[in-house]
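Thanks for coming. I will take a few minutes on one model, with the sequence and structure up on the screen.

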There are 2 protein chains.
Amino acid sequence: MKILIIGAAGMIGRKLVRALLTQGEISGKAINRLVLADITMPEKPEFAGEIETVVADLSLPETGAALIQSRPDLIFHLAAIVSGEAEVDFDKGYAVNLDGTRSLFEAIRQAGLKEPYTPKVVFTSSIAVFGEPLPEVISDTQCLTPLTSYGTQKAICELLLADYSRKGFFDGIGIRLPTISIRPGKPNKAASGFFSSILREPLIGQEAVLPVSETVRHWFASPRAAVKFLLHAAELDTAPLGHQRSITMPGLCATVGEEIEALRRVAGEDAVKLIRREPNAAIADIVAGWPQGFDARRAEALGFKSENSFDDIIRVHIEDELQNNIAERA
Amino acid sequence: MKILIIGAAGMIGRKLVRALLTQGEISGKAINRLVLADITMPEKPEFAGEIETVVADLSLPETGAALIQSRPDLIFHLAAIVSGEAEVDFDKGYAVNLDGTRSLFEAIRQAGLKEPYTPKVVFTSSIAVFGEPLPEVISDTQCLTPLTSYGTQKAICELLLADYSRKGFFDGIGIRLPTISIRPGKPNKAASGFFSSILREPLIGQEAVLPVSETVRHWFASPRAAVKFLLHAAELDTAPLGHQRSITMPGLCATVGEEIEALRRVAGEDAVKLIRREPNAAIADIVAGWPQGFDARRAEALGFKSENSFDDIIRVHIEDELQNNIAERA
């Protein structure tokens, strides 16, 4: 089993690589070759089989073909310019998120025209494909109405994924990740960053800025759940998907206020006091157009699982990122 | 008012040109320049103002910029590789229907970056953006689930149209045309051709082939209604559309059997006898995935109107195409 991970240096990518190495197999087939690609050189972990790390710029037309030269059986495509950056840099967002993905898909098709080749492709989409006007609970048949260029690019790639799969060029599955919380490390340029930082920073005794109101409701899953979604998607028989190849992942529907209450329960009042309210109209505007909750029964029926409370999400963070330690409390 | 029509040599394009020349203005502004473009040279009609006809291949990257060089105020983009052909020739369908449309949109954006320029863009989409599984009556919030590459390309262009409009690069409106019936002239490569030919051929005393069952239900509008949709879209204030720039046009929901009954009422039993049943599994399969009917209240609220019966649709054809004559009846 040869696996290619595009976006392997990212937060989810690195966790996915670790999980694959721990697990050692996919659907009972031993992993014997890994290619880890990203725009910055991914770390090369210890691995008994073949492992290759490459710098790959998806905005270059030749990158797709170069990446699949070794004909991987399974491709995880996680790489993307995030929402905030894609909104500011229109050309870059389209070049990477749309053209880069399309040239990967097209390279697979071209390889298959030479010699039969139909790898499994697991593509990470996003709930950013949905935007106002939306019902409070969004079903799997809701039309895609992105309100950002990032969401537009993801929605377009979902359509391409479905068409290339329908034509038999590869076996694709798109998973619409909830907003990942708690993201470890430093904030990135995503407008959703505060959802994580108002928990992450206080847990290590640092201040965090809350730019929106506590009534803001959204859809969340932990990084650990996201990696499990990807692994489950890789092993899933796609026949029951029919031609609808992209699925909204299950998640936790919660308000910012509920996040804060969970923080209070897990880390105490002093942690909560580290959250500084600093309303930001630009961020509030972007977030106002985002979905609040989903009916994810299709994903659940397919065996995808997520957390049930922000207490769980915080505990996952403390276990996976803080070696079970949180900041000293008064 | 300068107007560019891409796809001006096509059936709808030619009718649109005639209607524009008759009307002479759009939203009270006199039309003083027309550019008619298509993959084959469009006819040059008599016109008091400036008129230019050009051959334009949308699959070439420079075509978009060349077409908008004179900065038209209003652009009708009707050109497309039809569904049957786009399904057989994957590369050609994507090159024209996706890349051609995108390079037009991008050319407008680039022109606007040099000097303010935000034309109105009327884009013809299609109900082929919808495919099974579908409810019997499809609402305006139904997710796009194309089952053909053509439908995929139209759905992607709808997403691009919305994003470019949201960003203020142009003022776009996408109109999802019903299946046009009765198409005049010769059949094209569209899989939907029989919906027209089983009426068109018998009306002039010729045989027609029906490849599907009489219970097949679908969504129709006449060419005359389609031209009215385009003109209405061109004049419409797009503010009420919000970010959802594409709209399913109203149409007539009818079965093949109801088509035939209307033919019997208008042209008699001898006309009906000219329909030869010749089941074709490939066409039946394609059509089985198509939508059957829509709730088009959004379009209706915006003032779009269509026919109410196949009798009306047949009468439009007899008036517009047959100079009010139909074949001699026994």
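I will cover how the two chains are related, then where they touch, then one strand.

This is a predicted model: local features need pLDDT of at least 70, side-chain atom pairs count only at pLDDT 80 or more, and totals for chains, interfaces and linings use all residues. Residues are numbered from 1 along each chain as its sequence is written, and chains are lettered from A and ligands numbered from 1 in the order in which they are written.

Start with the two chains. Chain B falls on chain A after a rotation of 180° with 0.0 Å of shift along the axis, at an RMSD of 0.0 Å, superposed by least squares on the C-alpha atoms of residues with pLDDT of at least 70 in both. That is the relation of a two-fold axis. Within chain B, B:Cys143 comes closest to the axis, its C-alpha at 1.7 Å.

Now the interface. Contact means C-beta atoms, placed from the backbone, within 7 Å. On that basis, 16 residues of chain B touch 16 residues of chain A. Helix H5 of chain B, residues 149-166, gives the most to chain B's side, with six residues; helices are DSSP runs of H or I of at least four residues, strands runs of E of at least two, numbered from the N terminus. Of the interface residues of chain B, 100% are also interface residues in chain A, so the copies meet through the same surface.

Last, strand S11 of chain A, residues 217-221. S11(A) pairs with S13(A), residues 252-255, in the antiparallel sense over four bridges; pairing takes at least two DSSP bridges. There, A:His218 has A:Ala254 as its bridge partner.

How values were computed. Contact = placed C-beta atoms within 7 Å.
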